[in-house]
Amino acid sequence: MIYTLTLNPALDYIVGLNGFRVGETNRISYEKIKAGGKGINVSTLLKNLGIDSLALGFIGGFTGEEFKKIIHKDLKLNEDLIKVSGLTRINVKIKDIKETEINGQGPNIGKEDLDLLFSKLDKIKDGDYLFLSGSIPKSLKSDFYKQVMARFKDTNVKIILDTTGISLIKALPLRPYLIKPNLSELEEIFDVKIKGKNDLRTYAKKLRDMGAKNVIVSLGKDGAYMINENNDEYLNHAFRGKLIDSVGAGDSMLAGFIYGKINKFTNKSALDFALAAGSATAFSEDIARKEEIFSLYEQRSKK
């Protein structure tokens with residue numbers, strides 16, 4: 001079974017503008033409302049590939065109800081979300097010459113809410129996968145993911161940790177199965193400028209030595225670098241196409257890699273499939289569909 005945890009999901013209100021003017025009335029050219037959140041994106045990509053997961057997290061108020069309606073009606077996801085006081089946040093994404101985001105804060109999460117979440121997490125069994133995705137809300141401590149992972153310290157639950165900064169560093173000693181910083185995040189962690197494969201190897205290996213079993217570094221248009229727990233290395237090239245919307249591409253990449261591992265792909269092929277999933281999402285307006293992903297992946301697998 002696969003579980004995804006999104007601590008601070010959102011309604012993404014996406015609006016298109018033809019020239020944003022500060023201090024004036026702006027008329028939008030189009031609008032769309034989507035359910036946002038890194039774990040939700042993972043669950044959606046897996047669902048599109050035919051794999052069910054259970055989405056965990058917190059929702060609140062009328063915005064939370066709308067969020068829940070969207071993931072049921074439009075995304076067809078299974079969920080066990082916890083209702084809290086306050087409102088699920090609204091993130092405004094302005095599509096213009098440059099993309100601008102205005103992100104809400106989200107609700108406060110209390111002790112009773114956390115106790116209920118932990119009771120749900122305690123149902124996860126050996127051999128299951130758990131995605132811990134996204135930033136940690138201000139109402140929780142920066143070591144929250146470490147607290148979650150500590151509950152599985154003596155189990156065979158595979159934890160995929162997708163966060164950055166201090167939240168990532170604090171959780172690494174609990175040995176996540178997989179992490180996926182991008183290049184700028186890797187540079188920020190070690191306060192360096194990375195140049196070439198040797199630097200990639202050096203600093204990705206440092207993360208592995210700090211606890212991560214497998215490390216994928218997303219390189220954007222240049223593909224991805226991976227070093228695994230057996231010290232095997234892979235540097236796979238990106239797929240080419242027209243960028244439409246990069247939101248969810250990294251989440252799709254992680255979900256694609258786990259799909260590959262579940263289906264007994266080699267590490268190199270799983271990384272290729274991950275890149276295909278991330279690219280297919282970036283080349284479309286929504287999280288990629290199965291046929292879009294396999295169309296890209298098969299271009300390379302047939303060579």
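At what angle do helix 1 (residues 38-48) and helix 8 (residues 249-262) pack? The structure is a predicted model, in which local features need pLDDT of at least 70 and side-chain atom pairs count only at pLDDT 80 or more, while totals for chains, interfaces and linings use all residues. Residues are numbered from 1 along each chain as its sequence is written, and side-chain values use heavy atoms, with hydrogens and water left out.

Helix 1 and helix 8 pack at an angle of about 50°, and their axes are 8 Å apart. Helices here are DSSP runs (H or I, at least four residues), numbered from the N terminus. Axes are lines fitted to C-alpha atoms over the stretch in contact, and angles run from 0 to 180 degrees between N-to-C directions. The angle makes helix 1 oblique to helix 8; angles under 35 degrees count as roughly parallel, over 145 as roughly antiparallel, 65 to 115 as roughly perpendicular and the rest as oblique. On the helix 1 side, K38, N41, V42, L45 and L46 meet D251, S252, A255 and G256 of helix 8, where contact means heavy atoms within 4.5 Å.

A second helix pair is formed by helix 6 (residues 183-190) and helix 7 (residues 196-209), which pack at about 70° with axes 11 Å apart. Helix 6 and helix 7 are therefore roughly perpendicular to each other. From helix 6, L183, L186, I189 and F190 touch L200, Y203, A204, K206 and L207 of helix 7.

The next topic is the aromatic rings. The whole structure holds 10 aromatic pairs. Rings of Phe, Tyr and Trp (its six-membered ring) pair if their centres lie within 6.5 Å; planes under 30 degrees apart count as stacked, over 60 as edge-to-face and the rest as tilted. In one pair, the ring centres of F273 and F294 are 5.1 Å apart and the planes stand at 65°, so this pair is edge-to-face. It links distant parts of the chain, since F273 is in helix 9 (residues 267-282) and F294 is in helix 10 (residues 290-301), 21 residues apart. F273 is buried, with a relative accessible area of 0%, and F294 also counts as buried, at 18%; buried means under 20% relative accessible area, exposed over 50% and partly exposed in between (1.4 Å probe, protein chains only).

F294 also pairs with Y297: the centres are 6.4 Å apart and the planes are at 90°, so this pair is edge-to-face. Being 3 residues apart in helix 10, F294 and Y297 are separated by about one helical turn. Ring pairs join Y259, F265, F273, F294 and Y297 into a cluster.

How values were computed. Helices (H or I, at least four residues) and strands (E, at least two) are DSSP runs, numbered from the N terminus.
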